[in-house]
Amino acid sequence: MSTSLPARHPDDHGEGGQEHAPYVNFPGAAVQNRRQLLVKLAWMSLWMIYLVYPVKDLTGGTHGTAATVVGWAALAVFLGAYLSLVALRSTKPADWHGKYSFVALMLVLAVATSFGLGEAWLTLFTYASVCVAIVLPPRLGLRGVGVTTALALAVALLVRADPDTLAAIILPCFLGGLAMTGLQRLIATMQELREARAAVAHLAASEERLRLARDLHDLLGHSLSLITLKSELAGRFLDQDKQEAARAQVADIESVARQSLVDVREAVSGFRRPTLPVELAAARTALAAAQVTLEAAPSVLDGWPGLGPDESGVLAWALREAVTNVVRHGEGATLCTVGADRTWEGDGERYAVLEITDNGPGPGKSGPGNGLSGLEERLTLVGGRLETGPGARGRGFRLRALVPLRTVSEPSPPA
């Protein structure tokens, strides 16, 4: 039997550092703090490298002093409008109409500087095309990019730009806007998927509540009706001075009440027992909020034939604990994989295996916290065990929960 590996993550009730807000957010999601906004602006500023053409034009000495000053001022206003649009669009609601004024200002500056300072300023149309694709609705984005590209081409022909400039500026203007249009549609799809996952988790929780309500109605309705009937009989027997018969009815009432209490406890226990489909839906939402991609094998939802409800519930607890540790303590993790398998032990016992692995920093020096210790105790109660340690090639963290498949009727593999 394999031995357990040292655990890495401290438990949520054990020691742990202060939780930090993520530096970046989901594509298309609203910026939540200044740090995310600064990171987003820093990434967008990387595209400013294409402004080297107008900057080179201004520093090349081809214009007079007045034209150079006007050119620098126009470039500063254009850059300010571009970054302001990025910042405000990330903080304003989706129906904010002020974004169109920024795009209009960028287009006016691109046209004016191209006519006034030369063909080097045609590169501003590339930024304007990208912004047009961002602010317009998806159904109008492609048309807006086409109109912007046609405007850039018309201006280029009017300023008599050479063919090399046309190919180097007009083509990126169209392709950049087209790529941004596709990215906007992808972001919209991602948002719909996140909403669908949240809806699935909500429906799963609602289904569990309905099951509990249905079970309690059936259990208590029958038991309370029986108790009422026997109480009436006991009262009649007492009125008729039939002590033994009344005592028998009271004994039956006590027995029914005790059985009802057991049934209610079992129903509530079934309600509180997690299931893999519900925990997997909740894991997607939690990991998505932490910007960690979840990859789950289809076999996880299929389950294991012959696995009892107690063992299945423990595996669901294992999934919940592993995801909690990834969200709280797996700093730097970007991928979490969940797999399901079966394994034979040397004594002929067959086990269901649930394995959760992330690509975070890997096991640390801290020992297992209360969560992992509690999970190990749950597994021990059903005859299973917990294995934790580094992932494949010594990277990341791996959690393996094994529970026995006691009712599997498949033949053992040949030795």
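Accessible area here comes from the Shrake-Rupley method with a 1.4 Å probe. On that basis, the chain exposes about 23,300 Å², and carbon and sulfur atoms supply 61% of that area. Please keep in mind that this is a predicted model.

Some general figures before the details. The chain has 415 residues, and 36% of them are buried. Its secondary structure consists of 12 helices and five strands. If we take the contacts with a separation of 6 or more, 72% of them are between residues 24 or more positions apart.

Now to the salt bridges. How many does a search of the whole structure find? There are seven. I will go through three pairs and then a network.

The pair I will start with is Lys230 and Asp252, whose side chains meet at 3.2 Å, N to O. This salt bridge links distant parts of the chain: Lys230 is in helix H7, residues 163–239, and Asp252 is in helix H8, residues 243–272, with the two positions 22 residues apart in the numbering. Are these two side chains in buried or exposed positions? Lys230 has 16% relative accessibility, and because the cut-off for buried is under 20%, Lys230 counts as buried. Asp252, at 32%, counts as partly exposed.

Staying with helix H8, the next pair is Glu244 and Arg247. Their side chains form a salt bridge at 3.0 Å, N to O. Both residues lie in helix H8, three residues apart, which is about one turn of the helix. Glu244 has 59% relative accessibility; the cut-off for exposed is over 50%, so Glu244 counts as exposed. Arg247 comes to 47% and therefore counts as partly exposed.

The last pair is in the strands. Glu355 forms a salt bridge with Arg400, with the closest N and O atoms 3.1 Å apart. Glu355 lies in strand S3, residues 350–358, and Arg400 lies in strand S5, residues 397–404, so this salt bridge ties together parts that are 45 residues apart in sequence. In terms of accessibility, Glu355 is partly exposed, with a relative accessible area of 28%. Arg400 is at 16% and counts as buried.

Which residues are linked with Glu355 and Arg400 in a network of salt bridges? They are Arg385 and Glu387.

To recap: the search finds seven salt bridges, among them Lys230 with Asp252, Glu244 with Arg247, and Glu355 with Arg400. That is what I have for today.

Notes
Residues numbered from 1 in each chain as written. Predicted model: local features only at pLDDT ≥ 70, side-chain atom pairs only at ≥ 80, totals over all residues. Heavy atoms only, no water. Salt bridge = Lys/Arg side-chain N within 4 Å of Asp/Glu carboxyl O. Helix = DSSP H or I, 4+ residues; strand = E, 2+ residues; numbered from the N terminus. Buried < 20%, exposed > 50% of the residue type's maximum accessible area, 1.4 Å probe, protein only. Contact = heavy atoms within 4.5 Å.
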